Amino acid sequence: MNKKPRVLSFSAVSGGGKTTTIKHLIHRLDHAQALYFDDYEFENCPDICEWVEAGADYNAWVLSPLITDIQLLLKDESLDYIVLDYPFAYLNDAVRDFIDVAFYIDTPLDIAMARRILRNEQQQGMSELQSDLHNYLNRGRAAYLEMEKTVKANSDVVLQGELPTVLLVDRIIDELRKRSV
């Protein structure tokens, strides 16, 4: 009998802790491979603010390169888990059926913003930081709120994003044991 890896999806707002959590989780799980949404170039990728303003159609995102990699990893019998750093949970029809468990890291927006500022601090000057903050206040916040409203509601497990990474990973592993995933 062929063993198929389980696909775990992790969503959160930008600065919500997805990447950090996944990197720690991969070290704790045996035979796991991560795919990071931000590593891909998607054709016709919508501007996130315009996309939200137009009604946030999750199927407007053509995610073929990501899907190709998921399909390839699903054939790898040495893997137990495929871990996706992926913002849409079950909301994109082309990816939905691959996901076994969708996690949402529910990080308060002030913490997420502080993390983004700290992460980008070394790469940006003050004028870029001010520009980013103006963009967030004028348009970007709507994208964060969209995720909280729809992606969070379409996830199987909601985790507290203000928890230390070690505790988040412990809770994820406990949840996987409960689900025998």
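## Close-up views of a predicted model

**View 1. Lys-152 is partly exposed, with a relative accessible area of 29%.** The model shown here and in the views below is predicted. Lys-152 forms a salt bridge with Asp-106, and their closest N and O atoms are 2.9 Å apart. This pair links distant parts of the chain. Lys-152 sits in the loop between H6 and strand S5 (157-160), while Asp-106 belongs to strand S4, and 46 residues separate the two. Asp-106 has 21% relative accessibility, so it counts as partly exposed. Buried would mean under 20%.

**View 2. Lys-3 and Asp-80 form a salt bridge.** The closest N and O atoms of the two are 2.5 Å apart. Here too, distant parts of the chain are linked. Lys-3 lies in the segment before strand S1 (6-11), and Asp-80 lies in the loop between H3 and S3. They are 77 residues apart. Are the partners buried or partly exposed? Lys-3 is partly exposed at 35% relative accessible area. Asp-80 is partly exposed as well, at 26%.

**View 3. Asp-174 pairs with Arg-177 in a salt bridge within helix H7 (residues 165-179).** Side chains of opposite charge can pair when their charged atoms come close. For Asp-174 and Arg-177, the closest N and O atoms are 3.6 Å apart. What separates the two along the helix? They are 3 residues apart, so about one helical turn lies between them. Asp-174 is partly exposed, with a relative accessible area of 39%. Arg-177 has 62% relative accessibility and counts as exposed. Elsewhere, Asp-47, Glu-53 and Arg-139 are joined into one network by salt bridges that share partners. The structure holds 11 salt bridges.

**View 4. The largest nonpolar core has 38 residues.** Which residues have the most contacts inside this core? They are Leu-63, Leu-66, Leu-84, Tyr-86 and Phe-88. Several elements give two or more residues to this core, among them helix H2 (48-53), strand S3 (81-85), strand S4 (101-106) and helix H5 (109-120). Helix H3 (64-74) and helix H6 (126-151) do so too. A second, separate core has 22 residues, including Ala-34, Tyr-36, Val-101 and Leu-168.

**View 5. Helix H3 has buried residues that line one face.** The buried residues of H3 are Leu-66, Ile-67, Ile-70, Leu-73 and Leu-74. Down the axis of H3, they fall within an arc of 130 degrees, so they line one face of the helix. What covers them? The cover includes S1, strand S2 (32-36), S3 and helix H4 (93-96). Now pick out Leu-66. Leaving aside residues up to four places away in sequence, Leu-66 touches Leu-35, Phe-37, Tyr-40, Phe-42, Leu-84 and Tyr-86.

**View 6. Helix H6 bends by about 65 degrees at Arg-139.** H6 has 26 residues. How far apart are the C-alpha atoms at its ends? They are only 32 Å apart, short of the 38 Å that a straight helix would reach at 1.5 Å a residue. The buried residues of H6 include Leu-129, Tyr-136, Gly-140, Ala-143 and Tyr-144. Glu-146, Met-147, Thr-150 and Val-151 are also buried. Against what do the buried residues of H6 pack, and which elements are they? They pack against S1, H2, S4 and H5.

Notes. Residues are numbered from 1 along each chain as its sequence is written. This is a predicted model: local features need pLDDT of at least 70, side-chain atom pairs count only at pLDDT 80 or more; totals for chains, interfaces and linings use all residues. Side-chain values use heavy atoms; hydrogens and water are left out. A nonpolar core is a set of buried Ala, Val, Leu, Ile, Met, Phe, Trp, Tyr and Cys residues joined through side-chain atoms within 4.5 Å. Buried means under 20% relative accessible area, exposed over 50%, partly exposed in between (1.4 Å probe, protein chains only). Helices (H or I, at least four residues) and strands (E, at least two) are DSSP runs, numbered from the N terminus. Contact means heavy atoms within 4.5 Å. A salt bridge is a side-chain nitrogen of Lys or Arg within 4 Å of a carboxyl oxygen of Asp or Glu. The arc is that of the directions from the helix axis to the C-beta atoms. The expected span of a helix is 1.5 Å times one less than its number of residues. The bend at a residue is the angle between axes fitted to the seven residues ending there and the seven starting there.
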